[in-house]
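Work through these exercises with the structure open beside you. Try each task before you read its solution.

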Amino acid sequence: MIIRLIIFLAFLLFVWLSYRKRTSSLIAQEGKADSINTFSLVATLLATAIGGALIFGLIQFGQISGGIGLLLAMVYCGAFITLGVLAPFIRHTCRVMKERGLIGEKENLSLSLLLSRKYKKWAWAFILIVYALIYVAFLAAQYVALVAIVKAMGLQISPEWSIVIGATAIFLYVSIAGYLAVIGTDIVQLVIIFLIFIVGLFLVVWHCINHGVNFSMLPIDYWNPVADPKLASTFVWLVVFTLPTLVLRIDHWQRITTALDDKTARNGYIIAGLILVAVFLTLLSIGFANRLDGNGDPFYLYKTYLLGTGGLVREIVYGLA
């Protein structure tokens with residue numbers, strides 16, 4: 001009952017935040033140039049990066065191969081730092097294109113807009129199809145992870161309703177206030193995510209203190225990223241797909257052009273990239289602790305310790321998740 005209440009209240013909170021920032025202005029929907037401060041930028045970048053698929057995947061990498069998990073952290077961190085380094089040049093391109101009249105004064109530069117101005121309609125249509133496939137893949141991964149997390153936590157919510165609730169919430173707050181709603185709700189999501197991380201990190205430390213850390217339980221090849229050819233191949237394909245799509249994603253260019261200034265855009269991405277490494281290590285450590293205890297359940301620590309608290313803490317944490 002408490003879990004359902006928390007989910008319902010979170011849903012109402014997102015809709016309320018969106019309503020407060022409601023707008024009929026297209027430029028406000030897309031995001032106003034030079035308007036987002038460093039804190040808001042870092043918050044939205046972290047909330048965008050840390051999705052269900054990433055959380056679920058990293059815990060599993062922590063169970064199977066710490067080496068690949070660390071390499072994946074470097075990929076994400078590298079992609080964000082790369083975007084941070086490129087951010088001033090992207091913003092400069094936007095200013096030059098406006099000065100030359102190639103894009104309107106009220107238009108924000110995005111990769112899609114840049115390509116649509118450069119290529120003919122048939123070429124642009126092909127590019128759009130590629131972008132559509134990329135976003136379908138990202139969304140599919142998120143929804144699959146959402147269903148997997150709900151199942152792993154033992155929540156009494158059907159896979160269909162999990163997807164419907166998530167998709168409806170996203171549709172409502174994006175359609176009401178667009179980019180401003182995304183920024184606002186991302187900050188809320190980030191607070192919730194870090195609460196769950198702190199609980200997870202505390203449980204890892206508590207578990208290791210109580211049970212002792214026996215590294216002899218780990219196989220020698222745990223830190224060797226190429227020990228398992230099949231797993232290494234999966235990682236290579238993840239990098240091939242993730243790295244370019246992170247750098248070229250339309251919403252990242254959108255965030256860069258809406259940053260307060262060049263310095264904010266650059267620092268925001270670099271800070272977010274470095275924080276992501278700490279987040280990745282936290283998630284890997286949860287999987288690592290599961291592995292040491294010989295349990296394959298990604299949420300083994302949460303279930304083991306929170307089930308003994310009378311159910312209230314467990315329901316609060318699971319409801320937030």
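## Exercise 1: Cysteines

Task: decide whether Cys94 is buried or exposed, then do the same for Cys208.

Solution. Keep in mind that this is a predicted model.
Step 1. Cys94 has a relative accessibility of 7%. The cut-off for buried is under 20%. Cys94 therefore counts as buried.
Step 2. Cys208 has a relative accessible area of 18%. That value also falls under the 20% cut-off, so Cys208 is buried.
Step 3. Now look for disulfides. A disulfide is a covalent bond between the sulfur atoms of two cysteines. The search of the whole structure finds 0 of them.

## Exercise 2: A threonine in helix 3

Task: place Thr44 in its helix, and find which side chain makes a polar contact with the side chain of Thr44.

Solution.
Step 1. Helix 3 covers residues 38-49, and Thr44 sits in it.
Step 2. The relative accessible area of Thr44 is 0%, so Thr44 is buried.
Step 3. The partner is Asp186. The two side chains form a polar contact of 2.4 Å.
Step 4. Leave out residues up to four places away in sequence. Thr44 then touches Val182, Ile183, Asp186 and Arg255.

## Exercise 3: An arginine in helix 5

Task: find which backbone oxygen the side chain of Arg91 reaches, and say whether Arg91 is buried or exposed.

Solution.
Step 1. Arg91 belongs to helix 5, residues 66-99.
Step 2. The relative accessibility of Arg91 is 5%, so this residue counts as buried.
Step 3. The side chain of Arg91 reaches the backbone oxygen of Ala259, at 3.0 Å.
Step 4. Set aside neighbours within four places in sequence. The contacts of Arg91 include Asp34, Ile256, Thr257, Asp261 and Asp262. Ala259 is also among them.

## Exercise 4: Far in sequence

Task: find how many residues separate Leu58 and Leu283 in sequence, and how many Å separate them in space. Then treat Phe39 and Ala272 in the same way.

Solution.
Step 1. Leu58 is in helix 4, residues 52-64. With a relative accessibility of 1%, Leu58 counts as buried.
Step 2. Leu58 and Leu283 are 225 residues apart in sequence. From C-alpha to C-alpha, they are 5.9 Å apart.
Step 3. Check the contacts of Leu58, leaving aside neighbours within four places in sequence. They are Gly69, Leu72, Phe280, Leu283 and Leu284.
Step 4. Phe39 lies in helix 3. Its relative accessibility is 57%, so Phe39 counts as exposed.
Step 5. Phe39 and Ala272 are 233 residues apart along the chain. Their C-alpha atoms are separated by 9.9 Å.

## Exercise 5: A loop residue

Task: say where Glu105 is found, and whether Glu105 is buried or exposed.

Solution.
Step 1. Glu105 is in the loop between helix 5 and helix 6 (111-118).
Step 2. The cut-off for exposed is over 50%. Glu105 has 63% relative accessibility, so it counts as exposed.
Step 3. Go back to Cys94. Glu105 and Cys94 are 11 residues apart along the chain, and their C-alpha atoms are separated by 9.8 Å.

## Exercise 6: A pocket

Task: find which helix gives the most residues to the lining of the second largest pocket.

Solution.
Step 1. The second largest pocket holds about 180 Å³ of space.
Step 2. Its lining includes Arg4, Ile7, Phe8, Phe11, Gln156 and Thr168.
Step 3. Helix 1 (2-20) and helix 8 (159-211) are the elements that each give two or more residues to this lining.
Step 4. Helix 1 gives the most, with 4 residues.
Step 5. Sort the lining by type: 6 residues are nonpolar, 3 are polar and 1 is charged.

Notes
Residues numbered from 1 in each chain as written. Predicted model: local features only at pLDDT ≥ 70, side-chain atom pairs only at ≥ 80, totals over all residues. Heavy atoms only, no water. Disulfide = S-S within 2.5 Å. Buried < 20%, exposed > 50% of the residue type's maximum accessible area, 1.4 Å probe, protein only. Polar contact = N/O pair within 3.5 Å; in protein donor to acceptor, adjacent residues only side chain to side chain. Contact = heavy atoms within 4.5 Å. 1 Å grid on protein atoms, 1.4 Å probe; cavity = no way out; pocket = protein on both sides within 12 Å on 5 of 7 lines; lining within 4 Å. Points joined across faces, edges and corners; volume = space filled by probe spheres on them. Nonpolar A, V, L, I, M, F, W, Y, C, P; charged D, E, K, R; others polar.
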